[in-house]
Amino acid sequence: MAQTLQRTPIHDRHVALGARLVPFAGWEMPVQYEGVIPEVRAVRTDCGVFDVSHMGELEVEGPRATELLQATLSNDLGRIGAGEAQYTLLTNERGGIVDDLIVYRLDDFRYLLIVNASNRDADYRWLKEREITGSDVRDVSSEYALLAVQGPRAIERLGLPDAEPFTFAEADIDGIQCMVNRTGYTGESGCELLTVADDGAELWDRVLARGAVPCGLGARDTLRLEVCFPLHGNDITPDTDAISAGLGWCCALDKDFTGAETLRDVKAAGPDRKLVPFVMEDKAVPRQGMAVEGGGEVTSGTHSPMLEQGIGLAYVPAGSATPGTELSIDVRGRARAARVVKRPIYKREERS
């Protein structure tokens, strides 16, 4: 029997807008409205809004909540205070990535973790099994709706004051109370608006009324790839380590957390392979699973509307990871030329 797909609090609005809906991580989600290309360009030039209410929310609280998270997350919570957020990894004993997530420090004894939809249950179980006395992990995902409002005019259109990236604060958006998180997955300025589930659809309406363009998962995937943000399940998995994935910067290897010793060893020896961004030199669109000559493999690939060429991420032998290195990718049985580039693949042109 087919599994019933879950629906976000904004589902009816997507149907009314004529969105193309697809199954994603157990949810029925909009993959596009007008189309991936115009939606990507809206976010890069003005403002787009994504329904990301399928993401999971976990609360960790108690006098030893910090101790629990310091032992299970790769980054150092001592670097942030109340009102600040941090990108971090949930790692296993092998240094593999169980999930990548953002942790929000609500106060000294309470944290909110926003995790990937496909890993919500696994993350919850992982942390729950490792609870210590004085800490409590709860899955509160069903209580919230989450909208990502992204683009160079996002903050202006929402009428919000300037704030530093990876901070958050309570705010009122046209009468709806939100937690405004200065985070996102597009490489643009903007925020993610967390509100109670019952207010989600109304908040969506009001953000659209302020001029945001509705965007789907297709544009979201292209945008994150243009700026080399990894996708869990593609570029990073429980079988890939953070050093090889280029995520050593969010691993505080001077503290002890699950898998830290393995990661220290990988860093000291140097990884055998590395995750690199590339652009196609030939006219071709790379896709996940395509082979790279010399033992590599594409983990994410698409056509970039902003660069008008094929782009992607791939694991390649460490000796082939230097920017400028030429690659040969098997695109549907034909060798196609590509080139390793620096992160990010897409860079906003300097405005005069």
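Where does His232 lie? In the loop between H7 and helix H8, residues 260-269. That is our starting point today. One caution before we go on: this is a predicted model.

Let's stay with His232. Is this residue buried or exposed? It is buried, because its relative accessible area is 11% and the cut-off for buried is under 20%. Now the side chain. The His232 side chain reaches the backbone oxygen of Val98 at 3.1 Å. The His232 side chain also makes a polar contact with the side chain of Asn119, again listed at 3.1 Å. As for neighbours, leave out residues up to four places away in sequence. Then His232 touches Ile97, Val98, Asp99, Asp100, Asn116, Asn119, Thr237 and Pro238.

Next, the helix on one side of that loop. H7 covers residues 217-226. How many of the 10 residues of H7 are buried? The count is 9, so the helix is largely enclosed by the rest of the structure. The buried set runs Leu217, Gly218, Ala219, Arg220, Thr222, Leu223, Arg224, Leu225 and Glu226. Note the charged names in there: Arg220, Arg224 and Glu226. What covers them? The cover over the buried residues of H7 includes strand E1 (20-24), strand E2 (27-32) and helix H2 (36-45). It also includes strand E3 (48-51), strand E16 (296-304) and strand E17 (309-317). Just after H7 comes Cys228, with a positive phi of about 65 degrees.

Now back to Val98. It belongs to strand E6, residues 97-107. E6 sits in an open sheet of 5 strands, with antiparallel pairing. The order is E5-E6-E7-E4-E8. Which strands are at the edges? E5 (84-91) and E8 (136-139), each pairing on one side only. Neighbouring strands here are turned by 25 degrees against each other on average, direction ignored. E6 and strand E7, residues 110-115, run antiparallel and are joined by 5 bridges. Within that pair, Arg105 stands opposite Tyr111 in E7. Helix H4, residues 120-129, packs on this sheet. H4 touches E4 (56-61), E5, E6, E7 and E8. The direction of H4 makes about 165 degrees with that of E8.

On to strand E12, residues 190-196. Here 6 of the 7 residues are buried, so E12 is largely enclosed by the rest of the structure. Which strands pair with it? Strand E9, residues 144-150, pairs with E12 in the antiparallel sense over 7 bridges. In that pairing, Val149 has Cys191 of E12 as its bridge partner. Strand E11, residues 176-181, also pairs with E12 in the antiparallel sense, over 3 bridges. There, Val180 has Leu193 of E12 as its bridge partner.

Last topic: cysteines. How many disulfides are there? The count comes to 0. Take Cys215. Its nearest cysteine sulfur, that of Cys47, is 8.3 Å away, and Cys215 is in no disulfide. Cys215 counts as buried, because its relative accessibility is 2%. Then Cys250. The nearest cysteine sulfur belongs to Cys251, at 4.8 Å, and Cys250 is in no disulfide. The cut-off is 2.5 Å between the sulfur atoms. Cys250 counts as buried too, because its relative accessibility is 0%.

To close, back to the opening residue. His232 is buried, and its side chain has the side chain of Asn119 as a polar partner. That's all from me.

How values were computed
Residues numbered from 1 in each chain as written. Predicted model: local features only at pLDDT ≥ 70, side-chain atom pairs only at ≥ 80, totals over all residues. Heavy atoms only, no water. Buried < 20%, exposed > 50% of the residue type's maximum accessible area, 1.4 Å probe, protein only. Helix = DSSP H or I, 4+ residues; strand = E, 2+ residues; numbered from the N terminus. Pairing = 2+ DSSP bridges. Axes fitted to C-alpha atoms, helices over the stretch in contact; angles between N-to-C directions. Contact = heavy atoms within 4.5 Å. Polar contact = N/O pair within 3.5 Å; in protein donor to acceptor, adjacent residues only side chain to side chain.
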